[in-house]
Amino acid sequence: MPPVQSVLARALRRTPLLGLDVAHRGRVRRLGLKLEQHGPTGSVKDRSAVALLRALHAERPLTPGTVVVESTSGNLGLALARLLPAVDCSFLAVVDLKTPPATSRMLTDSGARTVVVDEPDGRGGYLLSRLRTVRELCERNPGYRWPNQYENPASPDIHRRTTGPEITEQAGPSLGAVYVPVSTGGTLAGIAAHLRRHRPDVDVVAVDVSGSTAVAGDTGRRLIPGIGAGRPSAFLKGPRHYDRVLRVDDVEAIAVCRILAEDTGIALGGSSGCAVRALLTDQDNGHADGRLAVCLAADGGEKYHDTLYSDDWADEQGIVKEVAAAAEQLRCEGLFFDRKHQEH
Ligand SMILES: Cc1ncc(COP(=O)(O)O)c(C=O)c1O
């Protein structure tokens with residue numbers, strides 16, 4: 001078995017920035033999509049998983065047979081489920097009923113055990129119930145290790161050291177704004193820390209979703225996995241981390257994902273649709289110059305084929321007509337994506 005540190009070092013991968021033109025309401029803007037789906041397990045959480053395990057290992061070595069437990073809506077779970085067997089440890093994922101079926105299958109296929117929480121937390125999701133379950137499991141099993149992605153500073157730190165610098169290097173001097181979806185807030189806090197220090201001229205926009213209090217707002221129904229939370233992020237401290245917050249309607253984000261896939265053949269996850277929708281709203285509010293806007297595309301759309309991209313699923317959620325109406329409205333406003341630039 002190779003040493004833990006070298007397994008973790010090999011799991012970090014640079015992801016591409018894909019250039020597009022986006023037309024909307026008579027304006028055309030250059031858009032860069034930071035495609036985190038090119039990470040080893042297909043999401044931005046590959047980076048966080050490496051950082052969290054490094055921190056656990058530094059605190060007390062991860063010896064063979066160690067059980068790591070974490071609350072996850074899916075992506076961090078997939079990353080931990082891939083890494084832990086490579087260091088002879090095992091993973092117990094605390095997920096919930098909103099976890100996409102494809103993600104649950106992938107978790108069990110990679111050898112993780114799952115505990116499915118079915119008790120809503122009264123805040124539009126399951127986060128607080130998942131956390132309670134993790135704490136109970138750790139109390140009953142004192143050998144379990146919990147990285148705690150919601151509060152562990154290792155998570156923002158890896159984005160400060162990798163995701164942020166990749167964005168500034170790939171986008172170059174014309175970078176004007178960065179849109180980052182928020183759940184724990186680790187990704188945004190790390191990218192912002194890099195930008196504030198090295199590119200203070202760049203606007204940082206926190207993207208939250210309707211029904212979430214990850215940054216601000218009231219709790220309610222949330223349909224898109226990965227983005228949003230039923231409690232405020234422990235990492236985000238206002239203007240230090242973002243210039244403004246945009247809360248996106250989940251139905252509109254789903255419509256944006258479907259339009260982008262139609263125009264370019266690129267299927268993104270729902271939180272990426274939220275970031276792109278936030279960019280369009282920001283432009284409507286007068287926050288646009290000729291500079292490049294980068295959206296953090298936290299994962300790809302394959303896992304959401306049966307949900308966000310499916311009309312049967314939308315029908316079950318009672319939003320099939322709303323999604324169609326939102327897509328038609330966006331098309332009437334001239335929304336079109338043109339994939340013409342090179343990847344960096
Ligand atoms: C698809 C997706 N988007 C966005 C995020 C938000 O990342 P963070 O928890 O760092 O705020 C996550 C986190 O799991 C995610 O899975």
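**Close-up 1. Cys138 and its closest cysteine partner in the predicted model.** The closest cysteine sulfur to that of Cys138 belongs to Cys89. The two sulfurs are 15 Å apart, so they are too far from each other for a bond. A disulfide requires cysteine sulfur atoms within 2.5 Å. By that rule, the count is 0 disulfides.

**Close-up 2. Cys332, an exposed cysteine.** Cys332 has 63% relative accessibility and therefore counts as exposed. For the sulfur of Cys332, the closest cysteine sulfur is in Cys257. The distance is 19 Å, which means that this pair is also too far apart for a bond.

**Close-up 3. Residues around the ligand.** The ligand has 13 residues around it. Ser183, Thr184, Gly185, Thr187 and Ser271 come nearest. By class, the shell consists of 8 polar, 3 nonpolar and 2 charged residues.

**Close-up 4. Polar contacts to ligand oxygen atoms, including those from Ser183 and Thr187.** Thr187 places a polar side-chain atom 2.6 Å from a ligand oxygen. Ser183 contributes through its backbone: a polar atom there is 2.8 Å from an oxygen atom of the ligand. Gly186 also uses a backbone N or O atom, at 3.4 Å from a ligand oxygen. The ligand on its own has 390 Å² of accessible area, and the protein covers 97% of this.

**Close-up 5. The cavity that holds the ligand.** The ligand takes up the space of the largest cavity. Among the residues that come nearest to the ligand are Gly185 and Ser271.

Technical notes
Residues are numbered from 1 along each chain as its sequence is written. This is a predicted model: local features need pLDDT of at least 70, side-chain atom pairs count only at pLDDT 80 or more; totals for chains, interfaces and linings use all residues. Side-chain values use heavy atoms; hydrogens and water are left out. A residue is near a molecule or strand if one of its heavy atoms lies within 4 Å of it. A polar contact is a pair of N or O atoms within 3.5 Å; within protein, one must be able to donate a hydrogen and the other to accept it, and residues adjacent in sequence count only if both atoms are side-chain atoms. Accessible areas come from the Shrake-Rupley method with a 1.4 Å probe; for residues, only the protein chains shown count as cover. On a 1 Å grid over the protein atoms alone, a cavity is a set of points where a 1.4 Å probe fits but cannot get out, and a pocket is an open set with protein on both sides within 12 Å along at least five of seven lines; lining residues have an atom within 4 Å of a point. A molecule sits in a cavity or pocket if more than half of its atoms lie within 2 Å of its grid points. Ala, Val, Leu, Ile, Met, Phe, Trp, Tyr, Cys and Pro count as nonpolar, Asp, Glu, Lys and Arg as charged, and the others, Gly among them, as polar. Buried means under 20% relative accessible area, exposed over 50%, partly exposed in between (1.4 Å probe, protein chains only).
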